[in-house]
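This report describes one protein chain for a reader who has the sequence and the coordinates at hand. The topics are backbone features, overall build, salt bridges and surface charge.

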Amino acid sequence: MNLSKRVSHIKPAPTLQISAKINELKAKGVDLVGFGAGEPDFDTPDFVKEACIRALKDGKTKYTPSAGILELREALSEKLQRENSVHYSPSEIVVTAGAKMALYLIFMTVLEEGDEVLLPSPYWVTYPEQIMLCGGIPVVVPLKEEKGFVLSVDDIKPHVSKRTKMLVLNSPCNPTGAVVPEEELRKVVEFCIENNILIISDECYEAFLYDGKRFVSPASFSKEAREITFTVNAFSKTYSMTGWRVGYVASPAKYAKVMADINSQTISNATSFAQYGALEALKNPKAKEFVKEMKETFERRRNLAYQLLLEIPNISLVKPEGAFYIFPNLSAYSNKLGSDIKLVEYLIEEGRVACVPGSAFGAEGYVRLSYCVSEDTIREGIRRIKQALEELS
């Protein structure tokens, strides 16, 4: 087929495949509970929609600067200073078509063929694919369930080599919900500074920490930390704007300029009128209450899902501290079927419930459940899982 080597490994995102399968079955009238989607079930706030409509009516439908409209980058600069205690000027911020594009721009900007990227596992499905697309080599750093899947500097050290270029941090983590404590995060950052290792800090779930935990951005620790860190975020999770495809990356100017240039030669710019919706999300006083309501709702759902899953025999699980996923270990059941992929297929066919196999996240034998569904749906879905697994016993 004359495909290039760089795309020979590429696979579709399993999370999106599961979501498509759920929608397909529901369209056929199948009574299916879906735990697959990694997106809030809240609608985008009306004030964001209305700002986008105004932008359309006002003719904000043309090309924007490749780095994004200045007003949005100024608002992001203020947000990062106010909420994350790190200063980036508007010229150091690039607005992107979602956080995925932000990550891709970073890897394209810094990776040479054969550069190694430290990837704590379980990891989000997109990281290794993008790293390889950009010529890099993902180096998996296995994290232990008995330690809550929390990254420590001691986990990293054995995997560092002369080719190590970068570390990907995702705290709170998709899929585990693990949060790296500030003290340990400081040690990780100091180690990276000392060893000239760049950091991607994927902060897409910063708004969703539970049990009173506080979010901390690695770039805020010191001037040296800021110089090696790419701070990535999006409007998708925090403001329930997944389909809008607006994200951003903040970094030192030497990187930001290159990423804006890549934008200019690829997507040109993030969608113009969507950027005005994102600007409203940052500026409108109602946004704070909207995010607070989502967080409180997800915390209640987390507690419910955790308690119900604990009632299933022969599983283990870590209580997530953030994000909106729970990651039970179902290897006692997946081993009987041969793989967690077959287990997920079994749960869809026999239990009429859909989740994502842990192997997609580098963790065979686990499954990821998103609790972006109502409490009644959580109860019914986990009841179906329990019943289906009992039939395997």
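Is N314 buried or exposed? The model is a predicted one, and in it N314 is exposed, with a relative accessible area of 58%.

**Backbone features**

N314 sits in the loop between α11 and β9 (325-326). Its phi is near 65 degrees, a positive value in a residue other than glycine. N196 also has a positive phi, about 55 degrees, although N196 is not a glycine. The loop that holds N196 runs between α7 and β6 (198-202). With a relative accessible area of 63%, N196 counts as exposed.

Two cis peptide bonds can be added here. S121 and P122 are joined by a cis peptide bond with omega of about 10 degrees, and P122 lies in the loop between β3 and α5 (126-133). A cis peptide bond also joins S171 and P172, where omega is about 0 degrees. P172 belongs to the loop between β5 and α7.

**Overall build**

The chain contains 14 helices and twelve strands. Its C-alpha trace spans about 60 × 55 × 55 Å along the principal axes. For 393 residues, a compact globule would have a radius of gyration near 21 Å; the chain has 21 Å, so the value agrees with that expectation. Of the 393 residues, 59% are buried.

V189 is one of the buried residues, because its relative accessibility is 1% and buried means under 20%. V189 is part of helix α7 (residues 182-194). From V189 to F221 the distance is 8.3 Å, C-alpha to C-alpha, while the two are 32 residues apart in sequence.

**Salt bridges**

Side chains of opposite charge can pair when their charged atoms come close. The structure holds 25 salt bridges. Three of them are set out below.

| Pair | Closest N to O distance |
|---|---|
| D41 and R301 | 2.9 Å |
| K165 and D115 | 3.1 Å |
| E375 and R379 | 3.8 Å |

Which parts of the chain does the bridge between D41 and R301 tie together? D41 forms a salt bridge with R301. D41 lies in the loop between β1 (33-34) and α2 (46-57) and R301 in helix α11 (residues 286-310), so the bridge ties together parts that are 260 residues apart in sequence. D41 is partly exposed, at 39% relative accessibility, whereas R301 is buried, at 7%.

The side chains of K165 and D115 meet in another salt bridge. K165 is in strand β5 (residues 164-170) and D115 is in the loop between α4 (98-110) and β3 (116-121), so this pair links parts that are 50 residues apart in sequence. In this pair K165 is partly exposed, with a relative accessible area of 23%, and D115 is buried, at 10% relative accessibility.

The bridge between E375 and R379 lies within one helix. Both residues belong to α14, four residues apart, about one turn of the helix. E375 is partly exposed at 28% relative accessibility, and R379 is partly exposed at 41%.

Salt bridges also form a network, which links D31, E380, R383 and R384.

**Negative patch on the surface**

Which residues gather in a patch of negative charge on the surface? They are E345, E349, E350, E390 and E391. Helices α13 (340-351) and α14 (375-392) each supply at least two residues of this patch. The most comes from α13, which gives three residues.

E345 is located in helix α13. E345 counts as partly exposed because its relative accessible area is 41%, which is between the 20% limit for buried and the 50% limit for exposed. Helix α14 thus appears in two of the topics above: α14 supplies residues to the negative patch, and α14 holds both partners of the bridge between E375 and R379.

Note on methods. Residues numbered from 1 in each chain as written. Predicted model: local features only at pLDDT ≥ 70, side-chain atom pairs only at ≥ 80, totals over all residues. Heavy atoms only, no water. Patch = residues over 30% accessible without salt bridge, like charges linked within 9 Å, V, L, I, M, F, W, Y side chains within 5 Å. Areas by Shrake-Rupley, 256 points an atom, 1.4 Å probe, with all protein chains shown as cover. Salt bridge = Lys/Arg side-chain N within 4 Å of Asp/Glu carboxyl O. Lys, Arg positive; Asp, Glu negative; His and termini not counted. Charge placed at Lys NZ, Arg CZ, Asp CG, Glu CD. Buried < 20%, exposed > 50% of the residue type's maximum accessible area, 1.4 Å probe, protein only. Rg over C-alpha atoms; globule rule 2.2 N^0.38 Å.
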